[in-house]
Amino acid sequence: MSQKVAVLGTGKIGEALLSGMIRAGWAPADLLVTARRPERAEELRARYGVNPVTNSEAAKTADTLILTVKPQDMGTLLDELAPHLPADRLVISGAAGIPTSFFEERLAPGTPVVRVMTNTPALVDEAMSVISAGSHATEQHLAHAEEIFGGVGKTLRVPESQQDACTALSGSGPAYFFYLVEAMTDAGILLGLPRDKAHELIVQSAIGAAVMLRDSGEHPVKLRENVTSPAGTTINAIRELENHGVRAALIAALEAARDRSRELASGKKD
């Protein structure tokens, strides 16, 4: 872990990666950060002991650059990095929708690029990070990306052609669960429960269900059937979900997220 790694555009996800790498054994002296605001950079220095630098300094000195800026800002960042970035440095992109070819066309020929879509549970070391190789990325580059993102959760390699689908499922996925918990909490209040008790009931049920899905090896249909007795409460609730088209709405929602990921790749902002 003697290589220098720079996190460029260190917002919440970038900071989560930074803290996860330190917990995994990276020396703060080997970690560089950039931030739009100088006070943010100094905050990261004080909190983690890392070195704030400019984007051009990061390009010159880091062995690996992790780009965590917004998709619409990526082109400007690459224009700033390109004159200073040698072709043997690894570039890891965390921007939704932007293909590795976008980077390869703007950086020195042969620059290895790895595309990663992670999600906000990185903040609690439970991220799902999906990793794809660009044209010049090797097994060693992919393993290095897994080493970094494995510090904040689980990693999975997929062909880049599947990245937009993964963005829809896991990149945006936590928001769907938060939305569902919000709706179920409101339902609990409607049914006569105080908000705090409804929230506790739902959150613990969600945690328990997630652990069962992860650890039981059972198909979700089987787990649902285990809760669904004939003429019982659960089947009546599920009938209403089906009557209101919840399954179809979820499929349509994920298709919309995938399509937006593709739009971001084409440079469409609105």
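**Group meeting talk: a walk through the sheet and a pocket**

Okay, let's begin with one residue: Thr34 sits in strand 2. Before I go on, please keep in mind that this is a predicted model. So, is Thr34 buried or exposed? Its relative accessible area is 5%, and buried means under 20%, so Thr34 counts as buried. And what does Thr34 touch, if we skip residues up to four places away in sequence? There's Val7, Leu8, Gly9 and Thr10, and then Val53, Thr54, Asn55 and Ala58.

Now let's zoom out to the sheet. How many strands form it, and in what order? There are 8, and the order is 3-2-1-4-5-6-7-8. The sheet is open, and its pairing is mixed. Have a look at the edges: strand 3, residues 51-52, and strand 8, residues 153-157, each have a single partner strand, so one side of each has no neighbour in the sheet.

Next, strand 1, which covers residues 5-8. Strand 1 runs parallel to strand 4, residues 64-67, and 4 bridges join the two. If you want a pair to find on screen, try Val7, which stands opposite Ile66 in strand 4. Packed on the sheet you'll see helix 1, residues 12-23, touching strand 1, strand 2 and strand 4. The direction of helix 1 makes about 170° with that of strand 2.

Moving along the sheet, we get to strand 7, residues 127-133. Why do we call strand 7 largely enclosed by the rest of the structure? Because 5 of its 7 residues are buried. Strand 7 pairs with strand 6 in the antiparallel sense, over 4 bridges, and here Arg115 has Ser132 in strand 7 as its bridge partner. With strand 8, strand 7 pairs in the parallel sense, over 5 bridges. A pair to look for there is Ser129, opposite Thr155 in strand 8.

Keep following the chain and you reach Gly134, in the loop between strand 7 and helix 6, which is residues 139-149. At 10% relative accessibility, Gly134 counts as buried too. Leaving out neighbours within four places in sequence, Gly134 is in contact with Thr100, Glu104 and Val113. And how far is Gly134 from Phe103? In sequence they're 31 residues apart, while in space it's 9.2 Å from C-alpha to C-alpha.

Alright, on to empty space. Rolling a probe the size of a water molecule over the atoms shows where such space is left. The second largest pocket holds about 950 Å³. Which residues lie nearest its centre? They are Gly9, Gly11, Thr68, Val69 and Lys70, out of 36 that line the pocket. Helix 1 comes back here, giving the most to the lining, with 4 residues. At least two residues each come from helix 1, helix 4 (74-81), strand 6 (113-117) and helix 7 (163-171). By class, the lining of this pocket has 16 polar, 13 nonpolar and 7 charged residues.

Last stop: helix 7 and helix 8, the second of these being residues 173-190. Their axes come within 5 Å and cross at roughly 35°. On the helix 7 side, the contact involves Ala168, Leu169, Ser170 and Gly171, which meet Gly173, Pro174 and Tyr176 in helix 8. This contact has 4 nonpolar residues, 3 polar ones and no charged ones.

That's my tour, thanks for listening!

Conventions: Residues numbered from 1 in each chain as written. Predicted model: local features only at pLDDT ≥ 70, side-chain atom pairs only at ≥ 80, totals over all residues. Heavy atoms only, no water. Pairing = 2+ DSSP bridges. Contact = heavy atoms within 4.5 Å. Axes fitted to C-alpha atoms, helices over the stretch in contact; angles between N-to-C directions. 1 Å grid on protein atoms, 1.4 Å probe; cavity = no way out; pocket = protein on both sides within 12 Å on 5 of 7 lines; lining within 4 Å. Points joined across faces, edges and corners; volume = space filled by probe spheres on them. Nonpolar A, V, L, I, M, F, W, Y, C, P; charged D, E, K, R; others polar. Buried < 20%, exposed > 50% of the residue type's maximum accessible area, 1.4 Å probe, protein only.
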